[in-house]
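Open the model in your viewer and keep the selection panel at hand. The stops below go from a sheet to the ligand.

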Amino acid sequence: MAPASVFEQVIEYSSRADPYRLYGQLREAPVSRQPDGSYVVSTYREIVALLHDPRVSSDGRNLAYVPANQPAPEEGNSQAHSFIRLDPPEHDRIRRLVMYHFGPPHSAGKIDGMRPMMAEIISGLVGGLADRQHADIVEDIAHPFPVIVISQLLGVPREDETRFRAWADTVVESFGPGEGEQAERQRARTDALAALREYLSELAEARRERPADDLISGLVTYSGPEGQLSPDEVLGAATLLLIAGHETTVNLIANGVLTLLRHPGVLERLKREPELVIRTVEELLRYEPPVHFPALRAALDDITIAGTTIPRGAPIVLALASGSRDPASIPDPEHFDPDRNPNQHLGFGGGIHYCFGAPLARIETQLALTEIFSRLENPRLVADPPPYRASAGLRGPRNLQIEFDRVLPRASR
Ligand code: HEM
């Protein structure tokens, strides 16, 4: 049997705790053809070029073939083709219509205005550990927090959040290259997407008849110069926001706690300089990002880059996390340094699909890290490295056990 390529080694579960050494080897060839016919792009400059290249499609239907370890595009399921998997002009139209309710210029201040609500939620979650001296950061804090926030933003009633979380978990676990039988992952994903679709469809119908002050109501009622979202597009957008904003944020918070406990000097500074949390989150997005490989791209034409020609129809894997540690573009990239300026990273992707929820994700993670480290006294890791989830594409700890002496009350900060 041929020895595994560097990328195949990255995907092996045993590399999950530290894929970064292998990324160094991967970058020796900026573009590498894999035995399964996909092309992995691993260097910062080349990834940025392809993120901005109109010959690169995010629509899986343009793939000539799907590599064995990747989920197939959902044939004929328009809801699964939410705008993250669409190209211009459809992508741009839907993104603008959804953004109308989410951020500037029409809804400027929307996300910032949610800060007090978010602070309340995270404070309640950390306060819930009061009688304990140990916690699983993933299960107790990082996981519930973004789901509650996105559910409230969308207008999902509190009592349905648990069901939401189960569906979103199933869908997200099946993203990107990972372990497990492909057909089984695909089936679980399809079932969970169908359940989400049915639930959101009922919610949208209810809001169409009786609008409330939430995002779903905005999506179903707004009509502007570019028209209105179709019922299918509303479902696609709502599902996307829920899923894209869920596990990503969970992983960034968990990666953040892990990284800060591994860097006590930065943690000490953070206690003295609370505003450092802003730059710390930015550096986490570079150094320990949740998204290592975003949705597979397809070449719409023969594309020659760094001396390699990627043929039309070929699958392209953009190794974002490798690009963010490329020494050719980022000085001293293996060093976790919140002071770095500028901090160029690919943690939120780039180009037309640049993360839609970045402002929300930043605030959530800043609030979570601040609350955790200002209220848990003497926190320490129980296991390092922690066990990781299966996915290589969306990477983060399965659980993150910590011990602490006590939980400080909120007022004593
Ligand atoms: C730390 C948390 C997050 C990370 C690391 C993250 C990362 C990313 C990345 C890398 C992309 C680009 C995907 C691609 O190019 O294919 C992306 C796109 C996207 N993200 Fe996020 N994300 C986070 C949180 C959120 C949140 C909270 C939301 C929503 C509330 C969200 C909504 C989206 C959407 C809708 C897209 C697709 C944008 C488009 O196709 O135009 N994300 N995100």
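Start with the open sheet of this predicted model: select its three strands, which run in the order β4-β10-β9 with antiparallel pairing. The edges are β4 (134-136) and β9 (380-381), each of which pairs on one side only.

Next, narrow the selection to β9 and β10 (residues 401-403). These two strands pair in the antiparallel sense, over two bridges. Which residue stands opposite glutamate 403 in β10? Show arginine 380: that is the residue facing glutamate 403.

Now move to the ligand and select the residues around it. The shell holds 29 residues, and the closest are His91, Arg95, Arg297, His353 and Cys355. Colour the shell by class: 19 residues are nonpolar, eight are polar and two are charged.

Then show the polar contacts of the ligand, one at a time.

- Arginine 95: a polar atom of its side chain lies 2.7 Å from a ligand oxygen.
- Arginine 297: an N or O atom in its side chain is 2.8 Å from an oxygen atom of the ligand.
- Isoleucine 352: here the backbone takes part, with a polar backbone atom 3.4 Å from a ligand oxygen.

Which elements give two or more residues to the shell around the ligand? Select α4 (90-99), α11 (231-244), α12 (247-262) and α16 (358-375), which are the elements that do.

For a last view, hide everything but the ligand and two of its closest residues, Arg95 and Arg297. The distances to label are 2.7 Å for arginine 95 and 2.8 Å for arginine 297.

Terms used. Residues numbered from 1 in each chain as written. Predicted model: local features only at pLDDT ≥ 70, side-chain atom pairs only at ≥ 80, totals over all residues. Heavy atoms only, no water. Near = heavy atom within 4 Å. Polar contact = N/O pair within 3.5 Å; in protein donor to acceptor, adjacent residues only side chain to side chain. Helix = DSSP H or I, 4+ residues; strand = E, 2+ residues; numbered from the N terminus. Nonpolar A, V, L, I, M, F, W, Y, C, P; charged D, E, K, R; others polar. Pairing = 2+ DSSP bridges.
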